[in-house]
Amino acid sequence: MACMSVLTRDEAQNRAQLLDVHRYTIELDLTTGDETFDSRTLIRFSARTDADTFVELKPAELRSVTLDGQPLDAGALDGNRLPLKNLTAGEHELRVDASMRYSRTGEGMHRFTDPTDGETYVYTQLFLDDVQRVFAAFDQPDLKAVFELTVNVPQHWTVLANGITEHTGKGVWRAAPTPLISTYLVAVAAGPWHSVRTEHRGLPFGIHCRRSLAPYLDTDAEELLDITRACFDRYHEKFEEPYPFDSYDQAFVPEFNAGAMENPGLVTFRDEFVYRSAVTDTERQTRAMVVAHEMAHMWFGDLVTLRWWDDIWLNESFAEYMGYQTLTEATRFTDTWTDFGVTRKPWGYDADQRPSTHPVAPENVEDTASALLNFDGISYAKGASALRQLVAWLGEKDFLAGINIHFQRHRFGNAGLADFLDSLAAATERDVHAWADAWLRTTGVDTLTGSVDSSPGQWTLALDRTGERPHRVTVGVYDRDLHDGRSLLLRERYETDVPQDTAPGPRTGTRPALVVPNDLDLTYAKIRLDDTSLETVLRGLSGIPDTLTRAVVWNTLRDMVRDGGLAPADYLATAAAHLPEETDLALVQGVLAFASVHIADRYLTPDRRPAALATLTELCRDLIRRTEDGDHPGLRLIAVRHRIDTTAHPDTIAAWLADGTVPGGPELDPELRWRVLARLAVLGATDEAAIAAELARDPSATGQEGAARCRAALPDEEAKARAWDAMFGSDDLSNYLFTATARGFWQPEQADLVRPYVSRYFKDAVAVAARRGPAIAEAAGRWAFPAHAVDAETLKLGEKCLRKADPIPALRRKLVDQLDDLARALRVQQV
């Protein structure tokens with residue numbers, strides 16, 4: 001296989017100075033078989049001077065290339081680069097005729113056959129540099145062009161694209177030409193889609209899914225469309241620039257690697273968002289946030305696009321912030337920042353404390369492979385947190401004014417950090433450049449530690465800062481409710497800056513029971529409470545009246561466990577004491593997930609794990625008993641899920657599976673049935689015959705994944721060998737089936753059985769990543785890593801792999817992160 005070259009920043013800058021790309025005319029023929037499709041591309045471009053350059057392409061077969069009517073040598077293709085020698089200044093036309101491979105890894109043109117009904121679907125995912133898998137292109141974000149697509153498909157298929165599509169007959173579909181967009185944003189989705197169409201503000205809107213999911217999409221269609229319309233209208237209140245494309249389609253596609261992708265006019269989502277089984281209202285809120293996030297990208301990323309990948313935060317941080325804020329303002333989901341605080345922010349905090357951390361706006365992203373690694377908790381969660389802090393410091397009016405200046409200056413063009421700061425500076429007197437240097441060019445998490453001094457009739461809070469960033473925070477001051485002894489009452493909230501210009505003065509009143517720095521979670525920092533406040537929290541956390549404050553406090557306890565400042569057992573005891581009184585679903589889910597995945601499975605030594613699982617099982621029983629009245633179905637569903645996952649004895653959940661229901665509800669839908677069966681597999685309480693029977697009951701794609709996970713989880717040497725060979729010995733598994741198999745393979749209960757595979761992992765993961773590319777490398781590093789094996793030997797093996805095995809960048813980054821998490825878990829265990 002020829003070596004594929006990644007594009008460097010210097011190469012991109014040189015090519016951008018040389019070329020202006022005007023228009024792509026692309027013909028795709030998706031009727032040529034199951035393995036490949038035909039791709040014919042005409043690129044009209046101009047060169048400013050005489051020079052050499054190249055175009056990118058990853059074909060199965062390159063049939064012909066002509067430049068200005070003269071044939072070029074197709075054999076000159078070097079990996080993914082076709083040289084264009086001796087270009088002269090002026091206009092040019094490049095024609096490329098190639099056969100391209102379909103993907104099973106969610107990259108390029110992904111092909112999927114639905115096991116439910118045998119129907120086939122294809123869709124593109126061209127981010128970050130995978131357009132080369134579909135058609136020839138000058139593949140960098142600042143060479144924007146107009147794209148015209150024609151797609152030939154089977155007669156009963158429908159084609160979706162960035163612009164409105166028209167069926168011209170005999171299976172040929174033509175998409176309206178796009179405005180100027182970047183190569184990575186071109187999108188096609190083809191197949192026998194089930195579609196729900198409407199119109200809003202004069203534009204066609206549509207939502208689409210595969211036919212087997214039609215009943216489930218129809219059930220939620222109005223909810224999805226209502227959220228889409230509400231966010232669309234709210235963005236038009238915020239932004240002076242109108243929606244810049246001719247339609248708005250949202251396609252829920254199978255085996256999608258990301259949550260969604262912001263292709264202009266055709267957003268693609270993972271089709272797990274079309275719910276086949278019961279979900280909580282928080283999960284519906286998450287789906288709504290993704291809708292709002294991707295719509296924000298129509299402006300942040302699609303209308304104004306980063307110039308190079310070091311400014312990915314201009315896309316993702318803004319969409320993340322705008323998604324949560326706009327959902328809060330425009331829909332029934334008014335508590336979204338609590339969910340952000342308990343689920344997204346820890347993602348940012350964790351990423352920012354690893355060796356792989358980077359600034360929100362890094363200055364040295366040398367190539368596309370390096371850029372791909374930065375789509376992480378820093379670019380999303382930390383960046384969004386920084387923007388929330390910026391709004392608190394700047395004021396929303398000036399912030400939005402600066403954004404609108406930015407859109408007006410750079411519409412359908414490209415921009416970088418300096419351009420954005422100039423736009424902000426035009427709208428405010430504040431020193432936004434200094435703010436950006438402190439917040440966007442630095443790494444790590446600041447820590448704000450509170451200390452309280454008191455004397456009769458007055459008290460003083462001092463906030464010490466570890467770190468260099470300025471913070472505007474809201475301090476919450478709470479007293480015990482003397483009537484019930486459990487609740488806490490808000491005395492006051494006040495704003496303060498850290499560091500302060502002068503020493504803090506005393507405040508009137510008795511010493512509070514609880515003082516919470518960053519009470520409304522407006523900044524990005526770890527919080528340490530004073531001793532009295534910490535004692536109040538451990539005894540009375542459920543009595544804090546505001547959910548966002550409780551999220552800040554739970555994150556504080558989480559960070560203390562990770563940093564060795566709070567015993568894992570104390571966190572579990574706090575959860576057992578206070579979760580039965582918790583009303584916010586995001587908080588219950590977040591605390592239970594951390595308690596089970598991190599504390600029980602990693603932060604406690606194996607001999608202490610059974611007691612931790614028993615604590616969690618009893619906690620879930622409490623929640624199930626509390627919800628017997630049927631008034632809290634979401635809370636009950638969370639409790640049932642975690643009761644299944646933490647059980648050490650199979651009898652109860654096996655009875656649920658046999659009866660098809662949990663006593664008092666809910667009935668076991670497909671998601672719960674596969675969850676129960678997976679846990680029974682781990683415990684050795686089921687077998688292949690039962691898995692096959694369940695798959696016959698649910699032969700869907702989700703069922704196939706459930707069966708793969710269950711089979712890999714069986715505590716049997718032959719089952720483990722088959723699962724390992726499926727993942728690493730062949731390249732047959734799709735991205736989703738690889739992940740499902742990996743999630744079943746490693747189980748703490750089976751540590752002795754799978755111990756020989758720990759050492760095999762590092763060699764085999766490097767090999768499969770090299771063969772199959774970044775998407776599988778990501779899955780192998782995230783899901784197939786032996787995270788349960790918290791010991792010095794695993795750490796030693798991993799460090800040796802990094803030194804000697806030369807894993808591809810996507811896998812190397814995941815291994816660095818996993819090994820750092822493992823080392824942290826070892827430290828916590830020792831403490």
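The questions and answers below walk through several helices, strands and single residues of this predicted model.

Reader: Happy to look at this with you! At what angle do helix α2 and helix α3 pack?
Author: Let's begin with the two helices themselves: α2 covers residues 214-238 and α3 covers residues 281-296. Their axes are 10 Å apart. The angle at which they pack is about 40 degrees.

Reader: Is α2 parallel or oblique to α3?
Author: Angles under 35 degrees count as roughly parallel, and 65 to 115 as roughly perpendicular. The packing angle of α2 and α3 is about 40 degrees. That makes α2, relative to α3, oblique.

Reader: Is the crossing of α2 and α3 left-handed or right-handed?
Author: For this pair, the axes lie 10 Å apart. The crossing of α2 and α3 is right-handed.

Reader: And how many nonpolar residues does the contact of α2 with α3 have?
Author: On the α2 side, the residues include Leu 224, Ile 227, Cys 231 and Phe 232, and on the α3 side they include Ala 288, Val 291 and Met 295. Charged residues also take part, among them Asp 220 and Glu 223 in α2 and Arg 284 and Arg 287 in α3. By class, the contact of α2 with α3 has four charged residues, one polar residue and, to give the number you asked for, ten nonpolar.

Reader: Moving on to helix α9, which strand is included in what covers its buried residues?
Author: Helix α9 spans residues 417-425, and its buried residues are Leu 417, Asp 419, Phe 420, Leu 421, Ser 423 and Leu 424. Their cover includes the helices α4, α7, α8 and α10. The strand included in that cover is β21 (413-415).

Reader: Now a sheet: in what order do the three strands of the open sheet with β24 come?
Author: The pairing in this open sheet is antiparallel. Its edge strands, each paired on one side only, are β25 (488-498) and β27 (514-516). From one strand to the next, the twist averages 20 degrees. The order is β25-β24-β27.

Reader: Which residues are the bridge partners of Gly 476 in β25 and in β27?
Author: Strand β24 (residues 471-480) runs antiparallel to β27, with three bridges joining them. It also runs antiparallel to β25, with ten bridges. The partner of Gly 476 in β25 is Arg 493, and in β27 it is Val 516.

Reader: Why is β24 largely enclosed by the rest of the structure?
Author: One element that lies across β24, β25 and β27 is helix α11 (residues 531-540), running at about 100 degrees to β27. As for burial, β24 is largely enclosed because, of its ten residues, the number buried is eight.

Reader: Which residues make up the covered face of strand β13?
Author: Strand β13 runs over residues 172-175, and its uncovered face has Val 172 and Arg 174. Val 172 stands opposite Asn 152, while Arg 174 is the bridge partner of Glu 166. The covered face is made up of Trp 173 and Ala 175.

Reader: Which residue in the turn between β12 and β13 has a positive phi?
Author: Strand β12 (residues 165-169) is joined to β13 by four bridges, and the two run antiparallel. β13 also pairs in the antiparallel sense with β10 (residues 146-152), over three bridges. The hairpin of β12 and β13 has two residues between the strands, and the one with a positive phi, about 60 degrees, is Lys 170.

Reader: Is Val 342 buried or exposed?
Author: Val 342 is found in helix α5 (residues 336-352). Beyond its neighbours within four places in sequence, Val 342 is in contact with Asn 555, Ala 586, Leu 587 and Gly 590. Buried means under 20% relative accessible area. Val 342 has 10% relative accessibility, so it counts as buried.

Reader: Last one: what is the relative accessibility of His 788?
Author: His 788 is found in the loop between α24 (774-782) and α25 (792-804), and Ala 787 has its place in the loop between α24 and α25. Leaving aside neighbours within four places in sequence, the contacts of His 788 are Asp 601, Trp 746, Gln 747, Pro 748, Ala 751 and Val 754. Ala 787 is buried, with a relative accessible area of 17%. His 788 counts as buried too, and its relative accessibility is 16%.

Notes
Residues are numbered from 1 along each chain as its sequence is written. This is a predicted model: local features need pLDDT of at least 70, side-chain atom pairs count only at pLDDT 80 or more; totals for chains, interfaces and linings use all residues. Side-chain values use heavy atoms; hydrogens and water are left out. Axes are lines fitted to C-alpha atoms, for helices over the stretch in contact, and angles run from 0 to 180 degrees between N-to-C directions. Angles under 35 degrees count as roughly parallel, over 145 as roughly antiparallel, 65 to 115 as roughly perpendicular and the rest as oblique. A crossing is left-handed if the near helix is turned anticlockwise from the far one by less than a right angle, and right-handed if clockwise. Contact means heavy atoms within 4.5 Å. Ala, Val, Leu, Ile, Met, Phe, Trp, Tyr, Cys and Pro count as nonpolar, Asp, Glu, Lys and Arg as charged, and the others, Gly among them, as polar. Buried means under 20% relative accessible area, exposed over 50%, partly exposed in between (1.4 Å probe, protein chains only). Two strands pair if DSSP finds at least two bridges between them.
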